[in-house]
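Please work through the following exercises with the sequence and the three-dimensional structure at hand. Each task is followed by a solution in steps.

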Amino acid sequence: MSTNTLPAALAEIVDDFQAVEERDRLQLLLEFSRALPELPERYRDHPEMLEQVVECQSPLFITIETEPAPEGAPASSGPAVRLYFSAPAEAPTTRGFASVLHEGLDGLTAAEILAVPDDMPEELGLTRLVSPLRMRGMAAMLARIKRKVRGECHLGA
């Protein structure tokens, strides 16, 4: 996959991971884990509003909200999507993956998110550094986001 098929913010993140030596990629993922935004107050006391991504080894919860499409975006691209994640600080790999997806996808249109290739997590170059189970967890996060976007935005597969 070429990063030019990814939305700009996500392509930049993938490029950042590919630009560092393999042994330094876990450190970069750890830096992302520290940057995961806290949940907005409206979700902090209402965990029932979040959906658990059960494929993740660590407890990870997600929800999305939609906003009107950004100025100038075609109506067919769907609304803008806001992503919210909850993952414990003791799960830096899971938090790092969530933060990558947040930074790379938050605020994009539904069509842009749905166009992200399902194998995007492999492009981070972490497959030899983290367990296959953790890689499946990140793929599951992306799949869950897409499923929720399709449902919220009433878009087809």
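The exercises below treat aromatic pairs, salt bridges, the sheet and one helix residue.

This is a predicted model, in which local features need pLDDT of at least 70 and side-chain atom pairs count only at pLDDT 80 or more, while totals for chains, interfaces and linings use all residues. Residues are numbered from 1 along each chain as its sequence is written, and side-chain values use heavy atoms, with hydrogens and water left out.

**Exercise 1. Aromatic pairs**

Task: Determine how many aromatic pairs there are, and classify each by its geometry.

Solution.

Step 1. Apply the rule: rings of Phe, Tyr and Trp (its six-membered ring) pair if their centres lie within 6.5 Å; planes under 30 degrees apart count as stacked, over 60 as edge-to-face and the rest as tilted. The count by this rule is 2 aromatic pairs.

Step 2. Consider F17 and F32. Their ring centres are 5.7 Å apart and their planes stand at 25 degrees, so this pair is stacked. F17 belongs to helix α1 (residues 8–19) and F32 to helix α2 (residues 25–35), and the pair links distant parts of the chain, 15 residues apart. Here helices (H or I, at least four residues) and strands (E, at least two) are DSSP runs, numbered from the N terminus.

Step 3. Establish the surroundings of the two rings. F17 and F32 are buried; buried means under 20% relative accessible area, exposed over 50%, and partly exposed in between (1.4 Å probe, protein chains only).

Step 4. Turn to Y43 and Y84. This aromatic pair is tilted, with 5.5 Å from centre to centre and 45 degrees between the planes. Y43 is in helix α3 (residues 41–44) and Y84 in strand β3 (residues 80–86), so the pair ties together parts that are 41 residues apart in sequence. Y43 and Y84 are both buried.

Step 5. Look for a charge at one of these rings. The charged end of R42 sits over the ring of Y84, 5.4 Å from its centre; the criterion is NZ of Lys or CZ of Arg within 6 Å of the ring centre and within 35 degrees of the ring normal.

**Exercise 2. Salt bridges**

Task: State how many salt bridges the structure holds, and describe the partners of R147, D106 and K146.

Solution.

Step 1. A salt bridge is a side-chain nitrogen of Lys or Arg within 4 Å of a carboxyl oxygen of Asp or Glu. The structure holds 9 of them.

Step 2. R147 pairs with E51, and their closest N and O atoms are 2.2 Å apart. The pair links distant parts of the chain, with R147 in helix α6 (residues 132–153) and E51 in strand β1 (residues 51–52), 96 residues apart. R147 is partly exposed, at a relative accessible area of 43%. Both residues also belong to a network of salt bridges that links E51, E55, R144, R147 and K148.

Step 3. D106 pairs with R82, with 2.5 Å between the closest N and O atoms. D106 lies in the loop between α4 (92–105) and α5 (110–114) and R82 in strand β3, so parts 24 residues apart in sequence are tied together. D106 is buried at 18% relative accessible area, whereas R82 is partly exposed at 27%.

Step 4. K146 pairs with D118, the closest N and O atoms being 2.6 Å apart. K146 is in helix α6 and D118 in the loop between α5 and α6, 28 residues apart. K146 is buried, with a relative accessible area of 4%, but D118 is exposed, with 55%.

**Exercise 3. The sheet**

Task: Give the order of the strands in the sheet and identify those at the edges.

Solution.

Step 1. The open sheet of 3 strands has the order β1-β2-β3, with antiparallel pairing. Two strands pair if DSSP finds at least two bridges between them.

Step 2. β1 and β3 stand at the edges with a single partner strand each, so one side of each has no neighbour in the sheet.

Step 3. Examine each pairing. β1 is joined to strand β2 (residues 61–67) by 2 bridges, and the bridge partner of E51 in β2 is I62. β2 is joined to β3 by 7 bridges, and E67 stands opposite A80 in β3.

Step 4. Of the 7 residues of β3, 5 are buried, so β3 is largely enclosed by the rest of the structure.

**Exercise 4. A helix residue**

Task: Locate T93 and list the residues that T93 touches, not counting residues up to four places away in sequence.

Solution.

Step 1. T93 is found in helix α4 and counts as buried at 18% relative accessibility.

Step 2. With contact meaning heavy atoms within 4.5 Å, T93 touches L29, V130 and R134, residues up to four places away in sequence not being counted.
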